[in-house]
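Here's a quick briefing to read with the model open in your viewer. Have the sequence to hand as well, since the notes go residue by residue.

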Amino acid sequence: MKHTRVADLMTGEVFSVTPDTPFRGIAKLLAQHDVSGVPVVDGEDRLVGSVTRRDLLRVFLRPDAEIRRRVGEVPGDAAEVPDGDVEVHVVDGVVTLDGTAARSSRLRLLLGLVERLDGVVAVAPRVTALSDGTAGAPAGQTRQALPW
């Protein structure tokens, strides 16, 4: 059996960050160099810690119950979706919206607001718009389900 050496596994070029490096900068560094983590050094280049992809994800991940609560706080007035017209279900960060909205343009706004919430991995809309929001298209005559 061949023995694997550390030199065979490690990254050749070492990148480091300081404790005041923004998360966005660390995420960009990890992606650009396809590494899973970086050491954190102080002003004298002493190791003070490390940051991994998992550490960065923890900043954005939220429990499903918290995500559901936050989705419920999205203003219904802005999206013209009255309380109770859309049910919210969250499993592993995936938000499913079931119900109806008055206009498809407002529905897109609602989906955009939900997608931007921390912890939301994806949005699976099952919401039907009663109107496309254009003049001459009364509610009830046009039903559009968004393609997402």
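What follows is a short overview, then bullet points grouped by topic.

Bear in mind that this is a predicted model. The protein chain has six helices and six strands, and from the N terminus on they run α-α-β-β-α-α-α-β-β-α-β-β. Of its 148 residues, 28% count as buried.

**The chain as a whole**

- Looking at contacts with a separation of 6 or more, 48% of them come from residues 24 or more positions apart.
- The chain exposes about 10100 Å², and carbon and sulfur atoms supply 53% of that area.
- Salt bridges come to eight in the structure.

**Helix H2 and its two sides**

- Helix H2 spans residues 23–33, and its buried residues include Ile-26, Leu-29 and Leu-30. These residues sit on the same side of H2, because the arc they cover around the axis is only 95°.
- Flip to the other side of H2 and you'll find Arg-24, Lys-28, Ala-31 and Gln-32 exposed.
- The cover over the buried residues of H2 includes strand E1 (37–41), strand E2 (47–52) and helix H3 (53–60).
- Phe-23 also belongs to helix H2. With a relative accessible area of 45%, Phe-23 is partly exposed.
- Phe-23 joins Val-59 and Phe-60 in a nonpolar surface patch, and together they have about 270 Å² of accessible area.

**The E1–E2 hairpin**

- Strands E1 and E2 pair in the antiparallel sense, over five bridges. One pairing to look up is Pro-39, whose bridge partner in E2 is Ser-50.
- Val-38 is in strand E1 and counts as buried, at 3% relative accessibility.
- Setting aside neighbours within four places in sequence, Val-38 is in contact with Ile-26, Leu-29 and Leu-30, along with Phe-15, Val-17, Ser-50 and Val-51. So which of these contacts are also among the buried residues of H2? They are Ile-26, Leu-29 and Leu-30.
- Val-38 and Thr-18 are 20 residues apart in sequence, with their C-alpha atoms 10.0 Å apart in space.
- Leu-47 is part of strand E2, but at 63% relative accessibility Leu-47 counts as exposed.
- Not counting residues up to four places away in sequence, Leu-47 touches Pro-39, Val-40 and Val-41.
- From Leu-47 to Val-17 is 30 residues in sequence and 10.0 Å in space, C-alpha to C-alpha.

**Backbone spots to check**

- Asp-34 comes just after H2, in the loop between H2 and E1. This residue has a positive phi of about 50° although it is not a glycine.
- Is Asp-34 buried or exposed? Asp-34 is exposed, with a relative accessible area of 64%.
- Asp-45 is another non-glycine with a positive phi, here about 60°. You'll find Asp-45 in the loop between E1 and E2, a hairpin with five residues between the strands.
- Asp-45 is exposed too, at a relative accessible area of 63%.

**Salt bridges**

- Side chains of opposite charge can pair when their charged atoms come close.
- Glu-44 and Arg-46 form a salt bridge, with 3.4 Å between the closest N and O atoms. Glu-44 is exposed at 58% relative accessible area, while Arg-46 is partly exposed at 48%.
- Asp-42 belongs with Glu-44 and Arg-46 in a network of salt bridges.
- Asp-118 pairs with Arg-62 in a salt bridge, the closest N and O atoms being 3.5 Å apart. Asp-118 is in the loop between helix H6 (104–115) and strand E5 (122–131) and Arg-62 is in the loop between H3 and helix H4 (64–72), so the pair ties together parts that are 56 residues apart in sequence.
- Both partners count as partly exposed: Asp-118 at 33% relative accessibility, Arg-62 at 26%.
- Arg-70 and Glu-73 meet through their side chains in a salt bridge, at 4.0 Å from N to O. Arg-70 is partly exposed with a relative accessible area of 28%, and Glu-73 is partly exposed at 48%.

Definitions and conventions
Residues are numbered from 1 along each chain as its sequence is written. This is a predicted model: local features need pLDDT of at least 70, side-chain atom pairs count only at pLDDT 80 or more; totals for chains, interfaces and linings use all residues. Side-chain values use heavy atoms; hydrogens and water are left out. Buried means under 20% relative accessible area, exposed over 50%, partly exposed in between (1.4 Å probe, protein chains only). Helices (H or I, at least four residues) and strands (E, at least two) are DSSP runs, numbered from the N terminus. The arc is that of the directions from the helix axis to the C-beta atoms. Contact means heavy atoms within 4.5 Å. Accessible areas come from the Shrake-Rupley method with a 1.4 Å probe; for residues, only the protein chains shown count as cover. Patches are made of residues with over 30% relative accessible area and no salt bridge: like charges are joined within 9 Å, nonpolar side chains (Val, Leu, Ile, Met, Phe, Trp, Tyr) within 5 Å. Two strands pair if DSSP finds at least two bridges between them.
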